[in-house]
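Reader: I would like to go through this model one point at a time. Please keep the answers short.

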Amino acid sequence: MKLKWITYFLFFLLVGKLFSQDRLEVFFDFNQSEVNNLAQKKINSWITENPNMQVVRVHGYCDWVGSNAYNDSLSMQRVRSVVDYLKNHQIPIDEAYFEKGFGKRFEQSNIQDQNRKVIIYYKPIQVKTVENNKEQTVSSLTIKMKDGVIGEKLDLEDLIFKNNS
């Protein structure tokens, strides 16, 4: 019985790790949106340690001081500041990535400094091996379309929608 529970635990742990996204938190000074020196060092260290990662989400947060409107704006400024920093350092950003500023609308820590942050969610870059060149792939799709019948389903592999649409 004990072995069964250990097996379940390990299974769920493995599945959770396979589908999870790693994250990096960087913190900001009070009422500031520019990436400070400590955040730059943390991002630069992350870049060095994780050369084959791409950013998939960026979330910004604020402490509880100030109005909702002000903190919403400040959290998005922090997000844009971090995204610009990442782009300036040639960090790959997923085509379908999204950014969101939560302002002060999230479960806050009692320690104000921990609420002034941006969280960068990232995942390993998927390296695909290409057996055929792109022209052959396009011509294969063209053949499927020409041979298809109206009303018949057409399988489109690796189709990515932006903004979850």
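Reader: Is Asn115 buried or exposed?

Author: This is a predicted model, in which local features need pLDDT of at least 70, side-chain atom pairs count only at pLDDT 80 or more, and totals for chains, interfaces and linings use all residues. Residues are numbered from 1 along each chain as its sequence is written, and side-chain values use heavy atoms, with hydrogens and water left out. Buried means under 20% relative accessible area, exposed over 50% and partly exposed in between, with a 1.4 Å probe and protein chains only. Asn115 has 1% relative accessibility, so Asn115 counts as buried.

Reader: Where is Asn115, and which residues is Asn115 in contact with beyond its neighbours within four places in sequence?

Author: Helices (H or I, at least four residues) and strands (E, at least two) are DSSP runs, numbered from the N terminus. Asn115 lies in the loop between strand 3 (93–101) and strand 4. With contact meaning heavy atoms within 4.5 Å, the partners of Asn115 are Tyr61, Cys62, Asp63, Trp64, Phe106, Gln108 and Ser109.

Reader: What pattern does the protein follow along the sequence?

Author: The secondary structure comes to 4 helices and 4 strands. Read along the sequence, the pattern is α-β-α-β-α-β-β-α.

Reader: Which element gives the largest share of the largest nonpolar core?

Author: A nonpolar core is a set of buried Ala, Val, Leu, Ile, Met, Phe, Trp, Tyr and Cys residues joined through side-chain atoms within 4.5 Å. The largest one has 20 residues, and Val26, Trp46, Val82 and Leu86 have the most contacts inside it. Two or more residues each come from strand 1 (22–27), helix 2 (37–49), strand 2, helix 3 and strand 4 (117–124). The largest share, 5 residues, comes from helix 3.

Reader: How many residues does the second, separate core have?

Author: Val56, Tyr61, Phe106 and Tyr121 are among its members. The size of this second core is 5 residues.

Reader: Which residues make the nonpolar surface patch, and what is its area?

Author: Patches are made of residues with over 30% relative accessible area and no salt bridge (a side-chain nitrogen of Lys or Arg within 4 Å of a carboxyl oxygen of Asp or Glu); like charges are joined within 9 Å, nonpolar side chains (Val, Leu, Ile, Met, Phe, Trp, Tyr) within 5 Å. Areas come from the Shrake-Rupley method with a 1.4 Å probe, and for residues only the protein chains shown count as cover. Val65, in the loop between strand 2 (53–60) and helix 3 (68–88), is partly exposed at 39% relative accessible area. The patch is made by Phe30, Trp64 and Val65, with an area of about 300 Å².
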